[in-house]
Amino acid sequence: MLSLGSLLVSTLLLLGNLRASFAKPSSYAVWAADSAITRGQGNGYDDYNDPTKPVVSYEHGELQWGLMRLYSETGNKTYYDYILDASNVIVYDNGSIISDYSFSDYSLDPVRTGPTFVYLYQKTRDKKWKTAADTYHTQLMSHPRTAQGQFWHKKRYPNQGWLDGIYMGDVFYTTYVNEFQPTNSSAYDDIELQFKLMYENTLVASTHLLYHGYDYSHTASWASSDRGHSPEVWDRAIGWYLMALVDIIEIWPAHRSDATFRTQLKSLAPAVAAAADPDHGVWWLVLSQAGRSGNYFESSGAAMFVYALLKGVRLGYLDDADGSLTAAASRAFEYMVANWVVDNGDGTMDWLNTVSVGSLSGDGSFAYYIAQTVRTNDLKGQAAFLLAALEYEKL
Ligand SMILES: *[C@@H]1O[C@H](CO)[C@@H](O)[C@H](O)[C@H]1NC(C)=O
Ligand SMILES: *[C@@H]1O[C@H](CO)[C@@H](O)[C@H](O)[C@H]1NC(C)=O
Ligand SMILES: *[C@@H]1O[C@H](CO)[C@@H](O)[C@H](O)[C@H]1NC(C)=O
């Protein structure tokens, strides 16, 4: 039986919770995370189309990368539990991954949920997470490659390397080898090779940016006659690549040189900072067509750039003696907060202006990129904003 006193206490607690749930947190990182959680984003289900359908989604892996950091910084177990629950949706107790994942597709995208499996194995020592991680590693070990050794982006895109694939495949590859094969030097060589090939096959000589991808066989309709690269520079592709660089340098073992990654980062990061629109301090969707009619400032790429620039400077991977990289990233962060963060008044924020997709499955043209749907609360952008905010709030 409830006493009047305990009823009163519960009522006061309830009111307190209600008030708390309407308050805007003092941290943008917390706000972005809590808003995603409130909406059920990244919970192992398809939050765009069918919230009852389990999906193996790289966006969830990206969000979890941010939640892991938020958990380690705040100690708030809500974040850990959210990661665990989402992963339990896509991995059975015996360690098999649900059928939304297809091994034989040889796609790098689902592999981006793998760093979470390694993380959960480290936290719980539950073998199911190792079994699930082994599946992705086995996929990589038989993954189709170009003659030079680059993983194909997917089996249905023969000989194509996309920048996105580095983030999807190689962050996992590194976390896996760190945990299970830490003395395997050929595995570390292989990871380095993935970055070397991607970089040299997509480098834009004039700007030091990177094209979205390349086709080593030069058969895709969009492949250039020299290196087979795609025609345009897409903001999010470089965003994925830059995030992969700073994340891999951070976890790279001390006994191995990380010079390949640092050298690439030292060239790419200032090139990205220099590519920001001078009047607004953020970046065009199609970086190679700045100011062209139909082009626009896109929010996921910007958030990824801010995260990578600030993290690279904070950890000393980038020399920022004159403060210009930090200034560029801070200016972009302030633009994001002013233009792409909306206070819903119910305790959550919306995140605007993230393009839903950018693929090299078509003609890779400017017209293609600008025609793709722009979404509110697209998790690729919102998770990147969480990561950017974690860095900005350390300044
Ligand atoms: C932990 O995070 C949850 C959800 O984001 C929030 O509701 C809760 O108040 C937080 N707990 C603490 C102790 O800060
Ligand atoms: C793992 O469990 C799932 C769900 O019970 C089942 O469908 C699958 O066949 C099992 N896999 C193996 C390898 O036993
Ligand atoms: C080391 O890594 C390579 C490449 O990832 C792999 O082919 C090989 O089986 C691994 N060797 C051991 C002993 O794990």
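This report walks through a strand hairpin, a pocket, two cavities and three ligand sites in a predicted model.

## Ground rules

Because the model is predicted, local features need pLDDT of at least 70 and side-chain atom pairs count only at pLDDT 80 or more, while totals for chains, interfaces and linings use all residues. Residues are numbered from 1 along each chain as its sequence is written, chains are lettered from A and ligands numbered from 1 in the order in which they are written, and side-chain values use heavy atoms, with hydrogens and water left out.

## The hairpin

Start with strands E1 (residues 45-46) and E2 (residues 50-54), which run antiparallel and are joined by 2 bridges. Helices (H or I, at least four residues) and strands (E, at least two) are DSSP runs, numbered from the N terminus, and two strands pair if DSSP finds at least two bridges between them.

Between E1 and E2 sit 3 residues, and the two strands form a hairpin. Looking for a bridge to find by eye? Tyr45 has Pro54 of E2 as its bridge partner.

## The largest pocket

On to the open space. The largest pocket has a volume of about 780 Å³. Of its 35 lining residues, Ser57, Tyr58, Glu59, Asp109 and Lys154 are the closest to its centre. Two or more lining residues come from each of E1, helix H3 (58-74), helix H7 (163-180) and helix H9 (235-251), and H3 gives the most, with 3 residues.

Some terms: on a 1 Å grid over the protein atoms alone, a pocket is an open set of points with protein on both sides within 12 Å along at least five of seven lines, a cavity is a set of points where a 1.4 Å probe fits but cannot get out, and lining residues have an atom within 4 Å of a point. Grid points are joined across faces, edges and corners, and a volume is the space filled by probe spheres set on the points. By class, the pocket lining has 13 nonpolar, 9 polar and 13 charged residues; Ala, Val, Leu, Ile, Met, Phe, Trp, Tyr, Cys and Pro count as nonpolar, Asp, Glu, Lys and Arg as charged, and the others, Gly among them, as polar.

## Two closed cavities

There are 2 cavities of 30 Å³ or more. The largest cavity holds about 50 Å³ of space, and its lining includes Gly44, Ser57, His60, Gln64, Ser87 and Phe117. H3, helix H4 (77-90) and helix H5 (114-124) each give two or more residues to that lining, with H4 giving the most, 3 residues. The split is 5 nonpolar, 7 polar and no charged.

The second largest cavity has a volume of about 40 Å³. Among the residues lining the second largest cavity are Leu108, His153, Trp162, Asp170 and Met198. H7 and helix H8 (185-202) are the elements that give two or more residues here, and H7 gives the most, with 3. This lining divides into 5 nonpolar, 4 polar and 1 charged.

## Ligands 1 and 2

Which residues are around ligand 1? They are Asp34, Asn76, Thr78 and Tyr79, where being near a molecule takes a heavy atom within 4 Å of it. Oxygen atoms of ligand 1 lie 2.5 Å from a polar side-chain atom of Asp34 and 2.3 Å from one of Asn76. The protein covers 37% of the 360 Å² of accessible area that ligand 1 has on its own (Shrake-Rupley method, 1.4 Å probe; for residues, only the protein chains shown count as cover).

Around ligand 2 are Tyr92, Asn94 and Ser96. An N or O atom in the Asn94 side chain is 2.3 Å from an oxygen atom of ligand 2, while in Ser96 such a side-chain atom is 3.1 Å from a nitrogen atom of ligand 2. Here 31% of the 360 Å² of accessible area that ligand 2 has on its own is covered by the protein.

## Ligand 3

Met141, Tyr173, Gln181, Asn184, Ser186 and Ala187 surround ligand 3, a shell of 3 nonpolar, 3 polar and no charged residues.

Polar side-chain atoms of Tyr173 and Asn184 lie 2.6 Å and 2.3 Å, respectively, from an oxygen atom of ligand 3. For Gln181, the distance from a side-chain N or O atom to an oxygen atom of ligand 3 is 3.1 Å. How much of ligand 3 does the protein cover? Its cover comes to 49% of the 360 Å² of accessible area that ligand 3 has on its own.

Definitions and conventions. A polar contact is a pair of N or O atoms within 3.5 Å; within protein, one must be able to donate a hydrogen and the other to accept it, and residues adjacent in sequence count only if both atoms are side-chain atoms.
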